[in-house]
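Work through the exercises below with the structure open beside the text. Each task is followed by a solution that proceeds step by step.

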Amino acid sequence: MNRFAEILSGEISALEQQHLRRKFRSQSSPQGRTAVIEGREVLNFCSNDYLGLAADSRLAATAAQALSEYGVGAGASRLICGNMTPHLELEARIAAWKGCESALLFNSGYAANLGVISALCGREDAVYSDRLNHASIVDGIILSRAKLCRYPHNDLSGLEKLLAAGQEFRRRLIVTDSVFSMDGDLADLPRLVQLAEAYDCILMIDEAHATGVLGNTGQGAAEHFGLEGRIDIQMGTLSKAAGCFGAYVCGDRLLTDFLINFSRPFIYTTALPPAVAAAARAAVDIMSTDQARRKKLLSNAGLARSLLKNAGFDIGNSQTPIIPIFIGDDFKATALSRQLLEQGFFISAIRPPTVPRGTARLRMTVTVSHMAEDIDSLVRCLKKIFF
Ligand SMILES: Cc1ncc(COP(=O)(O)O)c(C=O)c1O
């Protein structure tokens with residue numbers, strides 16, 4: 001083995017020994033209630049396709065129409081010659097839906113978090129970040145070189161102490177997931193808005209798992225809490241409930257103007273494929289108007305949470321379709337996920353570093369496509385295997 005191969009295989013086997021090695025499973029079906037995993041059809045309880053739009057025929061038809069009009073690729077970045085009508089129409093549609101002056105597309109939620117935080121903050125600044133924020137937020141802060149001030153999960157008294165102690169910075173940003181991606185609980189946005197106002201901070205929320213899921217018109221947690229117009233920066237993805245790909249950042253026109261000029265992950269990359277932007281616009285139309293779909297999703301999630309709780313599982317403070325089933329031990333979580341797959345249920349085990357040490361879990365996601373019997377049979381099977 002050469003030296004390079006030795007380095008790589010050493011690191012991989014160290015992970016293997018700690019039961020932390022990651023591997024793909026191959027799926028040969030679209031997203032939906034079921035998935036064909038390694039040739040077998042199983043019930044799918046780990047997709048973020050909350051509203052069942054990833055394989056929706058209306059989105060596919062819109063994408064097909066845009067493919068025939070615009071072709072496959074955007075050809076260049078938005079600022080060169082990749083700024084096509086579907087991008088502009090989608091941004092206008094998102095801004096109108098979210099009641100903001102302006103929206104700007106990014107190529108993924110990951111890129112959006114990197115792009116906003118690193119454009120806005122630098123060495124003289126501080127970013128206040130919940131300990132359980134998504135990795136893309138943490139990476140955005142690292143890239144910005146601002147001081148990272150991490151507060152314990154949802155501990156807003158802890159945050160206030162940090163805010164009161166750190167007045168020396170040029171600019172201060174508070175950033176939080178609105179729905180925490182591995183825990184399914186909500187940030188206390190009303191209190192965060194108060195703190196941001198009291199301490200003169202910029203407030204940014206990541207609505208990745210709230211977009212299409214929360215609020216009367218599916219705008220997200222800001223709408224759920226009645227905080228429209230009081231949050232400086234709202235970011236969300238088009239890859240989860242919207243069933244497509246890409247992300248948006250919305251707020252005042254000055255914000256999007258600023259990002260067009262300073263955000264490197266926006267400037268130095270080819271624009272989203274126009275057919276994806278067209279499909280996402282169709283998804284926004286559905287997400288903003290189809291209340292019945294959202295109601296069924298939330299009722300499925302409520303059913304799953306109550307069955308799991310009644311069966312004696314620890315599901316933390318989940319209030320959304322993301323339901324962690326806490327296991328603790330990394331090996332046990334992986335073994336349970338494997339056993340469930342054998343029994344016909346696809347649920348991933350989530351281990352460190354995605355979640356803190358000692359909190360390995362099965363991350364169950366419920367979608368609108370599930371039937372009550374699916375959820376019931378999963379909980380019965382889990383009970384049999386676990387207890
Ligand atoms: C909270 C949160 N923010 C951002 C992202 C990244 O979004 P995307 O998958 O569009 O890159 C994710 C998930 O992937 C997420 O869970």
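**Exercise 1.** Determine which atom of the ligand a backbone N or O atom of Gly109 approaches, and at what distance; then place this contact in its surroundings.

*Solution.* In this predicted model, the partner is an oxygen atom of the ligand, and the separation from the backbone N or O atom of Gly109 is 2.8 Å. Next, a backbone N or O atom of Tyr110 lies 3.0 Å from an oxygen atom of the ligand, while Ser239 contributes through its side chain, where an N or O atom is 3.0 Å from a ligand oxygen atom. The ligand exposes 380 Å² when taken alone, and the protein buries 85% of that. Widening the view, 14 residues surround the ligand, and the closest are Gly109, Tyr110, Asp206, His209 and Lys240.

**Exercise 2.** Gly109 and Tyr110 also belong to helix 4; describe how helix 4 and helix 5 cross.

*Solution.* Begin with the geometry: the axes of helix 4 (residues 109-120) and helix 5 (residues 135-144) come within 8 Å and cross at roughly 35°, and the crossing is right-handed. Then list the contact, in which helix 4 residues including Gly109, Tyr110 and Asn113 meet helix 5 residues including Ser136, Ile137 and Asp139. The residues of this contact divide into six nonpolar, six polar and one charged.

**Exercise 3.** At what angle do the axes of helix 2 and helix 11 cross?

*Solution.* The axes of helix 2 (residues 57-70) and helix 11 (residues 274-289) come within 8 Å and cross at roughly 150°, in a right-handed crossing. The residues of the contact divide into twelve nonpolar, one polar and one charged.

Key: Residues are numbered from 1 along each chain as its sequence is written. This is a predicted model: local features need pLDDT of at least 70, side-chain atom pairs count only at pLDDT 80 or more; totals for chains, interfaces and linings use all residues. Side-chain values use heavy atoms; hydrogens and water are left out. Axes are lines fitted to C-alpha atoms, for helices over the stretch in contact, and angles run from 0 to 180 degrees between N-to-C directions. Helices (H or I, at least four residues) and strands (E, at least two) are DSSP runs, numbered from the N terminus. A crossing is left-handed if the near helix is turned anticlockwise from the far one by less than a right angle, and right-handed if clockwise. Contact means heavy atoms within 4.5 Å. Ala, Val, Leu, Ile, Met, Phe, Trp, Tyr, Cys and Pro count as nonpolar, Asp, Glu, Lys and Arg as charged, and the others, Gly among them, as polar. A residue is near a molecule or strand if one of its heavy atoms lies within 4 Å of it. A polar contact is a pair of N or O atoms within 3.5 Å; within protein, one must be able to donate a hydrogen and the other to accept it, and residues adjacent in sequence count only if both atoms are side-chain atoms. Accessible areas come from the Shrake-Rupley method with a 1.4 Å probe; for residues, only the protein chains shown count as cover.
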